Every structure is written in structure tokens, then in C-alpha cells.
Amino acid sequence: MFDLRQMSNPLLLKEMVKKTIDLGEKVLDKTKKRPVFMEVCGTHTVAFSRSGVRGLLEGIVDLRSGPGCPVCVTSQQDIDRVLEISRIKGVTLATFGDMLRVPGSSSSLEKERAMGADIRIIYSPLEAIKMAAENPKREIVLLGVGFETTAPAIAVTLQEARRKKVDNISVYSLHKTMPNALISLLEGKEFAIDALLLPGHVAAITGYRSFDFIASKYKIPAVVAGFEVFDIISAISSLLNMLLKGESRIENLYSRIVTETGNITAQKMVNEVFEQGDAIWRGLGEIAGSGLLLKSLYREFETLVRFPIKITEASPYASACRCGDLLMGKIRPFQCNLFRKICTPNNPLGPCMVSAEGACSVYYRYDVSDGESGYDER
Amino acid sequence: MFDLRQMSNPLLLKEMVKKTIDLGEKVLDKTKKRPVFMEVCGTHTVAFSRSGVRGLLEGIVDLRSGPGCPVCVTSQQDIDRVLEISRIKGVTLATFGDMLRVPGSSSSLEKERAMGADIRIIYSPLEAIKMAAENPKREIVLLGVGFETTAPAIAVTLQEARRKKVDNISVYSLHKTMPNALISLLEGKEFAIDALLLPGHVAAITGYRSFDFIASKYKIPAVVAGFEVFDIISAISSLLNMLLKGESRIENLYSRIVTETGNITAQKMVNEVFEQGDAIWRGLGEIAGSGLLLKSLYREFETLVRFPIKITEASPYASACRCGDLLMGKIRPFQCNLFRKICTPNNPLGPCMVSAEGACSVYYRYDVSDGESGYDER
Amino acid sequence: MMKDDGLKGKRILLSHGDGGALTRKLIEEIFYKKFYNDILIKDQDAALLPACDRPIAMTTDSFIVKPIFFPGGDIGKLAVCGTVNDLAVSGAEAKFITTAFIIEEGFKMEDLAQIVDSMWQTARECGLTIVSGDTKVVEKGSIDGIFINTTGIGVLPAGVNLGFQQIKPGDKIIISGNIGEHGVAVMASREGFSINLSSDCAPLNRITQSILKNSQGVKFMRDPTRGGVASTLKEIAISSHNVDFCINEENLPISQEVNTVCQLLGYDPLYLANEGKILAFVAPEECEKIISLMKELPYGENTCCIGEVQEGKGDVLLKTIIGGTRKLNLLSGISLPRIC
Amino acid sequence: MMKDDGLKGKRILLSHGDGGALTRKLIEEIFYKKFYNDILIKDQDAALLPACDRPIAMTTDSFIVKPIFFPGGDIGKLAVCGTVNDLAVSGAEAKFITTAFIIEEGFKMEDLAQIVDSMWQTARECGLTIVSGDTKVVEKGSIDGIFINTTGIGVLPAGVNLGFQQIKPGDKIIISGNIGEHGVAVMASREGFSINLSSDCAPLNRITQSILKNSQGVKFMRDPTRGGVASTLKEIAISSHNVDFCINEENLPISQEVNTVCQLLGYDPLYLANEGKILAFVAPEECEKIISLMKELPYGENTCCIGEVQEGKGDVLLKTIIGGTRKLNLLSGISLPRIC
Amino acid sequence: MCLGVPVQVMHINKQDRAVVNINNIEVVVNTALVPDVSVGDFLMIHAGFAIEKVSLEAAEESIAVWREFIKHV
Amino acid sequence: MCLGVPVQVMHINKQDRAVVNINNIEVVVNTALVPDVSVGDFLMIHAGFAIEKVSLEAAEESIAVWREFIKHV
Ligand code: SF4
Ligand code: SF4
Ligand SMILES: [Mg+2]
Ligand SMILES: [Mg+2]
Ligand SMILES: [Mg+2]
Ligand SMILES: [Mg+2]
Ligand SMILES: [Mg+2]
Ligand SMILES: [Mg+2]
Ligand SMILES: [Mg+2]
Ligand SMILES: [Mg+2]
Ligand SMILES: [Mg+2]
Ligand SMILES: [Mg+2]
């Protein structure tokens, strides 16, 4: 039987890098400028930096991060609401660890916990059901953050809660979906990205066809890719190839998981529990149809119904913070004047410096070069 | 204005001791044996030992302890019930510190607390109301232990709970009253006590006339006395005087507090909340009309109504433990073979070694002599 | 101390204890800011101290007190005094101390700074150097505020040789001041009594060094902390050979405030903690001199003789004010308030 | 250890911490029973240790671990190893240790006995004497089981002079074995994973003394505990002058179990705690010899060189398996499990 | 179970509460059992409740009797 | 937010739970999103849920393409 670990063979990977650089140089010869690629997904941002692939390829490709870190794109108003929910007496907030340190207008979940809020880190939404059953006198609020990959897990969790008649659990859904956000990006006047790396696990759920519009309507080449080093080198290589040939297709490089139509069961689950709604994305603003809200059928599990909280005005971020530009691929972190000098993981001024997938945090923690070498900024 | 501290003047007290010994020697001359007095109240037991008066007078009087330590006379079955109540989920047991270490058949409140029971020490029953108000989701059980002195405080507390509509509080009443217990003692075949020191604070509530029967029916001299060194020397002196003169009266030496008829308000309060019932006294057995039970008017505050607990068979005490004989004045602690050798405050085999007022504990902690000097055991 | 306003509103986070960047920041901004010295800031796994040609004394204690700030001190002062005093009564000159903090998530940063400041003030008063430290942060609710461990080492001066075996019949028993004041001050502030009494929490090293230097008559010393004067005397009586200690109740220095609170709550002052007292056993012919040496120094003004050593079998006997006798024993069971 | 059946069902009571009779009983029956030695049982306020003609190393740490018993050890072993290792990496021979316990009311007496036994076993393995102790008991619910502080002192052998300033470009960086095993073992037993992996918790004093005695090439050592190998390297890089550390990912000894658990929970093994590892900076010409010395001894079998020192400005650079480079930093924020 | 402490009334609050003083320490006690209390009165306190007034005259009288006895007998 | 780990199914429990193995570590995952799972299958796990099966053939094919490319181009 084939052993998946073959994908991590260093000799193979090193050869792949070499070939990709050869290819990149051909592209440079042809276009006289480094092509700009966007890794839409934050998990890809981490993969590029942690593996060193970003640095190895920086001579041939200018890699930008996109709006695919769900923590980063959560609006400040939403974070302030989460903080307010965490302060409600009797509430236990169950959240993925990534959200803990994200700053709202004047606090963070980490600080609220220090002040006495009951905030628990979970690995899986199912833990929230266990928590609810074991603490019948507390109200468990499950914080639903993530894209199409995570939403089905929350949907199954709520169905299980209903089946098991667990009624002290609710969900505050900040789920977002990719396609409309990408359209908003592609429609942007200043959009200047040559090709896209699409999120492999989102595509595993939605199917790669759901990204067709990128090539068909916007004529941008794109690949669906996984998160191994093998996958991300393949992705760059494939995009370079398309550029060289002047093609714009959606290529599925993650065929071991991703199909044309995706995971139909998961889609059904999501559709049973959620419906499309508008959502505010940090940096991108309000995008119609880009959020997942609980259907009225699941209204009983809606946190905002159980605890009507007042909507306060969010205080603006440090005005010089450029998370917005960053999430649209307009800049790389070092181009923010605050990066590393004032804004650090211990003193984050924007969510991109907090989240483990936030571009600023990733570059701060892993990257040696600032991406300036090779061809210049354009 | 008269200063109460004059009562503690060492010169005066030393003179009083001298005079009392003179008097005692006259009695010895007359009767050729040390008279046996019983201090009925545990607080008197402590006062005699802590001040050293017991030792100073041991040549002239054989002082025995009586059934007036409420912790000691609580039956093992009642203690087992208290332990069972403390184990009920959601219950907070509020108790005076004295009860904490008293051993039941196989545990104690101290051990239950170590196992996770929520047990709180209070100074005053009123703290239980505060506790109930501050912890609306818990059931506060107030352990009512004590004689006529303490019962009014519990009564006022329940009235206040009703007035303030605090409904998560209940009382487990182990309250006992003195007169019938004394009658039981005096009726005992082996009763061989020459005179009684009566509890001053009980008398403050009940009035000293309530003890008249001791002299009138049983022809035993008795004094009502306070708890200062001044008071207890006065008491011995007065009793010796009566013996010398062959009188048997009830003398009120605590006139600064105690009246003929006592505290009528307190009596009314007690009668509104409590009614007489039978009670089991350790050592003395069941004594009709010697307990205070909640009236049906206050049934809503009855712990046993709220939490019906099963009555288990109490395992017998160490068979050699002589607490029973001790509480009836038949022996002094050192006459128990286990005293100091096996039974110590850290390894108490009976409640008399546990309670701060228990005779065994008091003698262990304070007494130098074993009471054997002077005239012999009779 | 002046409160550092920059700390207002800031709280200890779990991340302050993760051994990473925030831990470093906390150490630099709170601990090193006060404790700064050449040994500490070398930032090694272990502090390097000079060689020592005299025997070394070493002692450890963890400090837990509620409330953390009480009249007369706080947990920081207590933690330094406690260890200094254990060294002092063993005859040693306190030299170096380590401090280990366990802090609850959410603890106020300004409170921590104030505790650190009072540790530093006290250490400075004693001539102590804080050479090594440790900080752990635990989840909100899993401890009650802050615990501090201090471990100290000191140097035994030449000629000092204290021990139970030195205690002989005829020796006098001295206490350096009023009894039970730490216990009562802490209890009263816990119960919300308004009372004009402070904890006796104080470092005693100057007193012990003075009497050891100026008299050959000191036989043994101990600080009567947990368990109080009674338990401490009884412990010593048990460990010594063929002696009883006879204490005079009328000589016991107990303030009216302490007596009154004890009456109200049903405690015995002899079993309450002291945090700035010495019990010293001294040769009778040196007793007067030692008392005057002690009275001269801060924290020793109320020194007096409370009793003497007699032949016996390990009992501590209290002569009561009316001339009776009762025993003192080890505290048995936590000293509960009682209404009996 | 054989469990002492007499302790079955017994629990720690608040009274065990009151400084009276029960405290004494606990000390005698649980602590002295194992820790018995001439210094400890003198029962003084401070232990008396011999004079010392070499510089002294001193270190303190408090230990908190959940669960208290974990595969490969328990909090007692951890508490002794932690302090021994801090002394060991500073170059000192560990000699004396104090132990201070904070115990929750209701803690099982047999568990305490087992912890005390493993402290004693570990101390004996290291040739350490436990010279002084302290026990506090806190109310049920106010801590989670037991905390232990240990403070140790050791003696610096002649000729040993370790320090940041010795680290020079060209020096090699050695680790004494696999990375992240304490962190993963504890986490896995907390999460209920069935996994065949033990904590690396072990005393390293024999290893450090062997290489210091047999080679002049050791420049600096540290044990990568909280914050892991990455934070420890970065801390050293910050304190050293004008150097970078270059680490080869392919040389990092990380077991498959550790890698897998990290993948599942979203952790990075380089930031997980080790409790039996040394990071040593050594002269290049002595590197091979030092590695073979370490491999010979227990707990050093998997020693290997993971990188080297270069001129630089305080960075720790990791060469990835495909030849890329990334930085290692101080841990920032508790190492949360993440699903991102 | 009958420890008691004598105190002096400093101030009477509404609803059965009084501030009492003993050696300059002030505490609040419940006076429901001694309804006719006035400022200056001495009270015997048990478990946070005043259980009876203390008559200084009676106390003085008791001592006087003893002093007499000691002097003349 | 899309970390995933490939694992192999060892045992299928009722009600959408399966025991999976990765490098000899066994954990339980929810398979509600991949209903037709069999023992021996490889699954991609995210947040405690299987989100899709992993095709070993497709993986093998991806590598084969690269090996070919490296060899011949
Ligand atoms: S470095 Fe900080 S301030 Fe700048 S864009 Fe990133 S998060 Fe915002
Ligand atoms: S000494 Fe112990 S066994 Fe003997 S009567 Fe007293 S309590 Fe009972
Ligand atoms: Mg993503
Ligand atoms: Mg009584
Ligand atoms: Mg100490
Ligand atoms: Mg001490
Ligand atoms: Mg001491
Ligand atoms: Mg440390
Ligand atoms: Mg240390
Ligand atoms: Mg350490
Ligand atoms: Mg270390
Ligand atoms: Mg101690």
C-alpha cells in the first residue's frame, strides 16, 4: 500500500524546489517581473513560512497572504460582542485556542478570563456538548469561527445537541464562506494578483468546481492545493506553468481529497443548520451572502436570541495598522510601519499579529527575509 | 461607674481561694470526705481547668463534669445523620467550629470536608442567612446545636429568614434543654453528687426558678454561676457553705445577668419556633421532653423534610470508652483506661475527647494533676 | 510605596507563566526592577554565590495568607521575615534568599508590584540579597491570589552553638514582645473588625545577632509562628531532655486588643501565630543583660522574661494569675473559633 | 514503591497544617520516614550545613503539574530533577535541597507518601541530601492537589567557568536526547490518549559532571524546560554577544509519537517542555568527545549535535529539511492547541 | 456551648442591631432578644446575639460581699 | 483554520464514531460527514471530524507525476 510519508521525502522535495525555480526563472525571463501569487488560506501562509519554501522561492515569486485566516477577518465589532457574551454571568464560552488573544476594542478573551470569565479552549466542537451535559446549570456558548471546513462540524454538533436534548448550549456563529469574499477581492479596483492558491480543505467540502468563476469570469489562474510541503511546491509550480503558457484554469492538485462536487453530506448538514447571510470582514467590509447564520429551525441554539446583547460602537484600530491592505494582498507585513517595531505578538496592534495564521504573526515568528530580495516591489 | 474588670483582680481572687480552702477544710472536718460537686456546664469545665482553680481546690472538693457539653451529648446516630446531610449534593452545612472534629461511626465533618463536602464554620447563626442570600443556588443547612442559651439565636435567625423570604436555608435541630436531663440524672440509681453548679447562661434565659426542683424535690444544693474565675470560686464557696450548714437551696450567684424568671422575650421566641420533643443524649439515653424540635409552623425550614435521609444503624463506640459514665459524673477522665494512653485529641475515641468543652479534652489539655490528690476516691 | 500608575488595570495572564516572551517581560519589569543585583541579573539557571568558610544555615517556607495585605504588612514582607527569622533564631546571619511565586491568573499587576516592593524593602533592611527566583502562573480560581516561597541561607558566626541540648534547669525563658498580634491582626481584618492593631511581622536578625555577639548566655532560640507560643514551647520541651518549662501567666505580654478579640472569637492567644517574635532560652546570670540588649533594638522594646526551665519530663506548665497551674500542649486541630 | 496500606483511605486534613500535633505527626510519619538524615532530623528552624571552600550555586523552582502522576514520573521526581538540573547546567555539583509542600485538604495520604518516596529515590540517585522542609495545607478547592517548591544548593568544582560570554562562533550545539517528551507525555495523559511515551523527567547531574571533568570544551549549558528548546535557544542567543545559532531541522531528535501528537493537537515540539534534557554549547574540537561521553551515561543515549554558533545578531535560525530557513523565537502566548 | 462576653452599647441601629464596644473594639450584635436596650447599657453576648443585660450594680454588690467577707471573717 | 491530519480507520463504532490510527496513536473521531467509511480507509481529520476520505491512489499518482517530471525534464 502506498505510504503517505513518501510525500515528505526531503530529496524529492529538494528536487521539486529546484525544478520550480527553473520554471520561475523562465517566467521571469518572459514577464520581466516576479509574478504575485496569493495564498488565500492562512494555513497555507503558515505552511510556506514554517517550511522555508517562501524564502526559497522568493527570487521567483512574490507571495502574498489573503483573507483566509478566519480569526483575522473577524470584525472588531464581532469580537467586542464575543467579549460581552463572555462576561455574562453563568456563561461558559467554548472556543478554539486561536481566538484567545485577539484584541477587541479594549480587551481580549485572555484578559476577560483573567478577570473571571469562564472561557474554555476546545479542540473539537463536540467537547462543548460534553461540557453542557456535565454543567447543566451553566450556559455553554460555542464560538463558531471558521470557513466551509469548520462549519459542518458545528452543524453536526448542533444536530447532536438537539438529538441528545442538550438545551444549555448555543452557538455564536461568525462563520464565513469563501466564494463571495473572493469575488469581492477580484472585483476590487486595485486587485493586482497574478494567480491564486485556493484553500484545499474548503474545497474538500465545496468541490473544486465552486471556484470555477475565478478562471472563467476573472481569467485568473488558480490551484486547489493541500498543506504539505509537497502540495505547496506543486501549487507554485503549477501556477508558474499556467502563467508561462498563458492559461487560466482551476487546477485541482489536491485530488487525494478534493473532488469536483465536494462532500455532499457535509454540504447537506451545513444547509440544514445554516443559511447564507451578510457578514462584515475585517479589511474587506460587509460582503453580501458571505456569512453563515443559524436557520430559524435552529433559532433555539442562537446565542443572540438567548442573550440579547447591546451593540456597541467598536473603537477603531491603531490607525496605522494595515491589516486591511494585508488581507487583500496589497502589501506584505514588513510594509506596515508598525511591524516588529511596535507591533509584536506580545503587543499586537491588529489581529494579523495575533492569530497563529495571521500573516504578521507568521512572518514575525518564522520569516528571515522580508521578501524584498529578488525582483523589486512593483 | 463600676468597672467589670475588678472581678479579675488577682489579689482579690487569691484571697477568695484562701477563704474557700478554709471553708472546704471545715467541711472535710465535718464530713470526713471530699464532697463531690458537678459542674453541669461544659463552659464551667473549661473555666475550672484553664484557670487552675480545679487544681487549687482539689484538696477540698472532687469536681466532676456533667452533661452540659452539647457536642458531647449529641448521640452518634445524630452525628451520622449530620454527616449524611453534609454529603448531599448542593448542600452547604453551616456549623459552629466545635462540631467539626466529632467522630461519627466512620467519619467526621472535618473528614467529609476533606472529601469535598461544603462545610463552613460560623460564629453566629446570622451568618447562615447571609450565606443563603449570597448563594441562592445552594441549600444552606444550619446545624442547631446547644442548650437554652443558643436556641433563641436560632429562633431569631429563622424568623429573620422568613421575614427576608430566604428560602434556601433550613435547620437541623439537635437542641437540648437542661431540666429534664437533670431530672434523669438525679433520678439515677447511682447518682452520688453532693451539689450542682448550674449553667449561668442557660439560667439567664430560663430564670433561676426553673432549677428550683433540684433543691425542693431532690434536696441537692445548687448554685447558678457565671464563668469568670470570680464566679466559679464563689460557686464552690457557696456550695461548701450550704453543705456546712446542711442547707439545700438554689442560690443565684449570677445576679448581674440572671433573674428569677429569665429572659421572657427569648423564651417567647423559642416557643414560637420550637416545641418540646424527645431527644437521645449520649450516655443518658432517650429523655422525654428534653429536645427542641421545629414547630409545624416552621416545617418549611426543617432539614429532614427537605432532605429525607435514611436512618442507619450507628456503629458502637470503642466499647471501653466511658463518656457515658463521665457525662453522669460517675468518673473523672483519668479513670477511663484509654485516657491519654490511646485516646488523645489527635486520636479521639469518644466525643468527650473532641469537643473543646469535653471533659476528657479539657483535662488532657489543661490539667496537671489527675484529681487524685487530697482525699481519696470514694 | 508609590503605586506605579502604568500598572493600573493590568492583570497577570496565563501567558506570563509560559516561559516565553511575556515571562521575560514580567521578570524584567516587575522583579528585576526592584530586586536588581549583580548575582540575580546574570540570569543563570542557578545563582553563583561566594565560597563560605563557616557552617551554612538553610531554611525554606511557603507563605499563604488571607488577606494578602493586612495591617502591618503583606505577604511579601511576611515571606522575607519568615525566612530571615528562621535563620536568625538558628544563630545565623541571613545572607541570600530565593523567591518563588505562584500567582493566580487575573492577579492585579499593581498588587504584585507592591508585594515585590515590600520584599525588597524588607530584604534591604536585613542586608539580604535576593539571588534567584521563579514565577508560575496558575489558572484563575485554582489558587487564592498568590503564594510565595522563600528559601534562605545564612552563615553561622564563630562561637555560636545553639541547640536543645544546651537548655538546662535554671535557664530563663524570654520573649521579645507581645503575643498573638499577627494572628489577631489577620483574623480581625478577615472578619472586618475595626481594630487598632497591626501584625508584628518584622525581621529579627539584628536582635539575634546583637545578643549572640554580646553575650555567651544564649542557649536556644525559636520563633513562635504557626501554633503560637504554646506549641513552640511544647515542641522545644519535647525535644529537650528532662526539663519542664514554667511560664507565669501574669508575665505574659498580651495586649488588651488581642485578649479582647480572642474572647470574642473564642481563641487562645497562646496558640496564635506571631511573625516577629523570638523565644530565647538563656543562662540565668545573663538574663538581665540579654533583655536590655533586646529592649534597645527595634522590634524588641517589649522584651520580658516569661518563665524558667526546671527539671522535669517535657511539660510546659503555666502558672495562672491566681496561682493555679495548667499545662500547655501542642495545638491540636486547627484553632477554630468556638462558642463553647 | 510498595504502597503503604496503613495509609489507605486517609486524607490530608486542614489540621495537618496547623503547626501543632497533627503537623508533627505528618512530618514524622510521612516525611522523616523517607527523608531521614542527620541534618534534617535535628528539627531546627534552619538546617546546619558544613562550610564550603568553593563558590556555591543556588536555585529555586515551584512545581505544578497536572496530572500529578504521569507516565515516566510524578510531581515529586519532577521537583527534585528540576532543581538538580538547574544546578547541573550551571556546572555545580548538587548537594543539598529543601522541599516545601502546599497540599490541598483532602489529598490522599497514600499519594503523598508515593510522591515523597519518589523524591527520596531521585535525591538518592543524585547524591542529594534533603535538609529542610515545610508543609502548608490549604482549604479543599483552593489549589489543585499539591504544589512543591524545591530549592537547591551545589558546589562549583574548580576550573568550571560557564557563561554566555564563552559562546563563540564555530561552537557546536548539542542536545542530550529527544525533544518535547515531557510536554507530550503530560498532555497525552491529560487528554486521555493511549500512547506509548514517557516523560523524559530525569536528573542530569552525572552527565554534566562527566563532561565538565573530562573536557575543557563546555562553554555553556541550559535545560530547555518551560518554553522548550526554541525559547531556551532564543534566550541564550539574546544574552550572548554577536552570535546566531543555526539549527538543522533534519538533526533534531524528535520521536514519531511526539510529532504525531503535535500534529493532532496543533503544537510545535520545539516549544514543548523537556524535563531531562541539556542544551550544551561546546568547542568544535571537543564536540565528538563530549557527545560520546554523554552517550555513555543514562539519559544521554540519544545525544546529538543539532547545530552550531555563527556570527550574528541574536537570531536562532532553523534550516528546514528542504533547505529553507526560518527563525525560532521566544514562545509567545501559552502554547495553545490550535486548529488553524 | 455558652461562652459569653460582656460589652457596652454605643449605638443602636434599626432592626435589632446595635454597635457595641469592648476594650475599644466595636462589633455589631443582634438585640432581638433584649428589646429594651439603651446606649450605655452593658450586654452579655453569645453567638452574635445579646442574651441579657448585665447589671453593674449586681456585679459591684457581689464583689462587695466578698471584700467584706475577706476583711472580717 | 483548516489544519488537517490524515489517519487510518481501525474500528467503526456506532453512531458516527470511529477509532483511527496515526503512527500508532489511536483517537476517536466523528464520521458523520463521511458516512460510507470502512475499516482501512484513510480519512482527513479536522477539529475532531473526518471531513473527507484520502485517496492513496491519487496521492501516489501526484508523486509519480513529479518523479517523472524530475527524471525526464
Ligand atoms: S504589523 Fe501589526 S499593525 Fe501592522 S498590519 Fe500587522 S497587525 Fe496591523
Ligand atoms: S478518654 Fe476517650 S475513650 Fe475515655 S471516656 Fe474520654 S473520650 Fe471516651
Ligand atoms: Mg483556511
Ligand atoms: Mg453550656
Ligand atoms: Mg523555614
Ligand atoms: Mg518558618
Ligand atoms: Mg521558625
Ligand atoms: Mg524557574
Ligand atoms: Mg531553578
Ligand atoms: Mg528550572
Ligand atoms: Mg533551567
Ligand atoms: Mg515551615
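**Chain E and a magnesium site in a predicted model**

Chain E holds one helix and five strands. Helices (H or I, at least four residues) and strands (E, at least two) are DSSP runs, numbered from the N terminus. This is a predicted model, in which local features need pLDDT of at least 70 and side-chain atom pairs count only at pLDDT 80 or more, while totals for chains, interfaces and linings use all residues. Residues are numbered from 1 along each chain as its sequence is written, chains are lettered from A and ligands numbered from 1 in the order in which they are written, and side-chain values use heavy atoms, with hydrogens and water left out.

User: In what order do the elements of chain E run from the N terminus?
Analyst: The order is β-β-β-β-β-α.

User: Why is chain E called more spread out than a compact globule?
Analyst: The globule rule (2.2 Å times the number of residues to the power 0.38) is the yardstick, and the radius of gyration is taken over C-alpha atoms. For 73 residues the rule gives 11 Å, but chain E has 15 Å, well over that, so chain E is more spread out.

User: What makes Thr59(D), Thr60(D), Asp61(D) and Asp86(D) donors of the magnesium ion (ligand 9)?
Analyst: Donors are N, O and S atoms within 2.8 Å of the metal (3.2 Å for Na, K and Ca); water is not among the atoms, so sites may look incomplete. These residues coordinate the ion at 2.3 to 2.7 Å, so their atoms fit the definition.

User: Which residue coordinates both magnesium ions, ligand 9 and ligand 8?
Analyst: Asp61(D) does, and the ions are 4.3 Å apart.

User: Are Thr59(D) and Asp86(D) buried or exposed?
Analyst: Both are buried. Buried means under 20% relative accessible area, exposed over 50%, partly exposed in between (1.4 Å probe, protein chains only).
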